[in-house]
Amino acid sequence: MRNIKLKKQVMKANRKDGNKERSDVNAAAAVAARAASEGAGAGGMDSALTREIMDLQGQLKNTVRDYSQVNGDIIKAQKSKRINEITLSELDDIPKEDSNVKMYLGVGKMFMAATRENVYNKLEEEIKENEKKAKDLTQKKEYLERRMKSQQQNIIELTSNAAA
């Protein structure tokens, strides 16, 4: 019964993560595409301005790629944290007085016998590591969002100045 409940909780945790951040990435791509079409349509643009717009578009594309990668890493860290929390809560259901319960830690492709304290400490350590990783990645994500907005604004300013 407990394993079925655990599997359901893990599946639920995996489904919760949606595509919330796709709209920001799509908006950045739309600005770059619009700037490219405006830049291509302006016949009076000099080559230096065109080159600068192309460089900014390349930078924006790299930033969007990094942003997507960071989002994926954040989701991965949050999933891992939730799985470890669920495992820890399931282990709490096992009576501490029961000395016949064998516990194992996953080490690569094998499982190694471990004490109850070792299993708990390992899970708590992994939860803390994933929390810190998610926090650090969230800060990086915020930086990349600011950078994308700045690059979008620069492209828009260059194309509007070129059109004028």
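Two strands are taken to pair if DSSP finds at least two bridges between them. In this predicted model, strand S1 (residues 103-107) and strand S2 (residues 110-114) pair over 5 bridges, in the antiparallel sense. Together S1 and S2 make a hairpin in which 2 residues separate the strands. The turn contains glycine 108, whose phi is positive, at about 65°. Two of the cross-strand positions can be named: valine 107 stands opposite methionine 110 in S2, and tyrosine 104 stands opposite alanine 113 in S2.

The helical part of the description concerns H3 (residues 47-92) and H4 (residues 116-163), which pack with their axes 7 Å apart and at an angle of about 160°. Because angles over 145 degrees count as roughly antiparallel, H3 is roughly antiparallel to H4. The crossing of H3 and H4 is left-handed. In the contact of H3 with H4, the residues divide by class into 22 nonpolar, 15 charged and 13 polar.

Helices and hairpin are both represented in the lining of the second largest pocket, to which H3, S1 and H4 each supply at least two residues. The space in the second largest pocket amounts to about 330 Å³. The pocket is lined by 15 residues, and the closest to its centre are Tyr104, Leu105, Gly106, Val119 and Leu123. Tyr104 is thus named twice in this account, as the residue opposite alanine 113 and among those closest to the centre of the second largest pocket. The lining of the second largest pocket comprises 9 nonpolar, 3 polar and 3 charged residues.

Notes: Residues numbered from 1 in each chain as written. Predicted model: local features only at pLDDT ≥ 70, side-chain atom pairs only at ≥ 80, totals over all residues. Heavy atoms only, no water. Axes fitted to C-alpha atoms, helices over the stretch in contact; angles between N-to-C directions. Helix = DSSP H or I, 4+ residues; strand = E, 2+ residues; numbered from the N terminus. Parallel < 35°, antiparallel > 145°, perpendicular 65-115°, else oblique. Left-handed = near helix turned anticlockwise from the far one by under 90°. Nonpolar A, V, L, I, M, F, W, Y, C, P; charged D, E, K, R; others polar. 1 Å grid on protein atoms, 1.4 Å probe; cavity = no way out; pocket = protein on both sides within 12 Å on 5 of 7 lines; lining within 4 Å. Points joined across faces, edges and corners; volume = space filled by probe spheres on them.
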